[in-house]
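Visitor: Please choose a single part of this model and take me through it closely. I would like its packing and its surroundings in one connected account.

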Amino acid sequence: MSKIFIQIASYRDPQLIPTLKDMMANAKKPKNLVFSIARQFSETDGFDNLDEFRNDKRFKILDIPYQDAKGVCWARNLTQQLYDGETYTMQIDSHMRFVKDWDDILIKMIKGLQKDGYKKPLLTGYVPSFDPDNDPAGRASDAWRMAFDRFIPEGAVFFLPETIPGWREMKKPVTARFYSAHFCFTLGEFSTEVQHNPEYYFHGEEISIAARAYTCGYDLFHPHIPVVYHEYTRKGRTKQWDDDKTWGDKNKHSHLTNRKLFGMDGETQEGHDGPYGFGTVRTLRDYEKYSGLLFERRAIDKHCLDKQYPPSPYNFETEEEWKDSFATIYKHCIDVGYTSVPEKDYDFWVVAFHNAKDETLFRKDADKNEIAGFMRDPDGYCKVWREFQTTELPTYWVVWPHSESKGWCDRLTGQLNHNNVS
């Protein structure tokens, strides 16, 4: 009786019940499923009423009025407290779909990895997408993995989904650097060994769990075939930050907690040895060498940047040589409101990043075609993305438009206070 402890944090989600029903209908052994659900609800919604499941012994339901909700990590932590020794655990979002016999497929993957010598394998990743309004026809057809995107100014790491190259010929899961909070399947004790820090709000959650899981002895893998599907758009659903007027303060505190965990931006490392800190099987440095990230410098190695499978190769005689092999990849989006750039005949914009000494660290101007693209953005403002390698974080950005009829226009600037974000 290999039971699966399923953790679901749901926030006013009309997809909660369809997710549960699809999960049970497609399980090979639905009687072995145990559900721990943090149902953050509004009485006016009605679409996530779980009364039909309340007499089912498989369900453990936490009913939380949405006004009392404190963020997704807080809710996920609550679901983990209901773990009762089940063999496996699965964490998912409340808007998912499943292939036939998904439970048997995932268990066999875990057992296969254990036979290959991985004591504590963990399956995770940004799984393929589905469309609730066009299911199953709207499901993505490929297996996906997670790729590094960038360190955001507040310090958290962002990722992007992409197709696993050659997945149709693969027979086993592929090694992974990163962790996805919307899909994780592993041994049940993960629910107690690597619990979500309720002080986290949203961003920073995934990179912190990846590092903490690795240091607790878990080896990360992406499933090599589609097993579970995720709805990414969240259209028609209220998010927690839509209802919470204090979410900004929670978010700032979360970012600070994450930077302290990793000792980033000069922060004194705090929380790394507590209940939401790192394990004792491996060190944070071990995870950095495995993943190709260097947190103290917000840096990434070429192996990770080139999307090669981990671990990153380590061929250095000293740690200093290893550190010197990193390049800091800085990626930032400059937001420029349409009212700040009212002219119709711009021929180019200077786009540059400077340090505190007013020295230019990077410059790449926008031409007419790129500017035209900025002006078509559906969100109603220009998004000026730039990415470059640097050994020094910029202090401020400059956008200086030039018009064919008026010449140089107003010079726009914005501060990048990396060391003072709180």
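Guide: The angles below run from 0 to 180 degrees between N-to-C directions, and each helix axis is a line fitted to C-alpha atoms over the stretch in contact. The model is a predicted one. The part chosen is helix α5, residues 205-215.

Take its packing against helix α7 (residues 247-262) to begin with: the two axes lie 10 Å apart, at an angle of about 30°. Angles under 35 degrees count as roughly parallel, so α5 is roughly parallel to α7. The crossing of these two helices is left-handed. From α5, the residues in contact are I207, S208 and A211, and they meet N258, L261 and F262 of α7. Four residues of this contact are nonpolar and two are polar, with no charged residue among them.

The packing against helix α8 (residues 284-291) has an angle of about 110°, and the axes are 9 Å apart. The range for roughly perpendicular is 65 to 115 degrees, and α5 and α8 are therefore roughly perpendicular to each other. Here the crossing is right-handed. On the α5 side the contact involves I207, A210, A211, Y214 and T215, while α8 supplies L284, D286, Y287 and Y290. By class, these residues comprise seven nonpolar, one polar and one charged. Two residues of α5, I207 and A211, serve in both contacts, meeting α7 as well as α8.

Helix α5 also takes part in the largest pocket, which holds about 1100 Å³ of space. The lining consists of 38 residues, and those closest to the pocket centre are D93, F202, H203, R234 and W241. α5 is one of the elements that give two or more residues to this lining; the others are β1 (4-11), α2 (72-80), β7 (144-151), β8 (157-163) and α6 (240-243). The top contributor is β8, with five residues. In the lining as a whole, 16 residues are nonpolar, 11 are polar and 11 are charged.

One of the other elements at that pocket, β7, also provides the largest share of the lining of the largest cavity, namely four residues. That cavity contains about 120 Å³ of space. It is lined by 15 residues, with M146, A147, R177, K307 and Q308 closest to its centre. Its lining divides into eight nonpolar, three polar and four charged residues.

Conventions:
Residues numbered from 1 in each chain as written. Predicted model: local features only at pLDDT ≥ 70, side-chain atom pairs only at ≥ 80, totals over all residues. Heavy atoms only, no water. Parallel < 35°, antiparallel > 145°, perpendicular 65-115°, else oblique. Left-handed = near helix turned anticlockwise from the far one by under 90°. Contact = heavy atoms within 4.5 Å. Nonpolar A, V, L, I, M, F, W, Y, C, P; charged D, E, K, R; others polar. 1 Å grid on protein atoms, 1.4 Å probe; cavity = no way out; pocket = protein on both sides within 12 Å on 5 of 7 lines; lining within 4 Å. Points joined across faces, edges and corners; volume = space filled by probe spheres on them.
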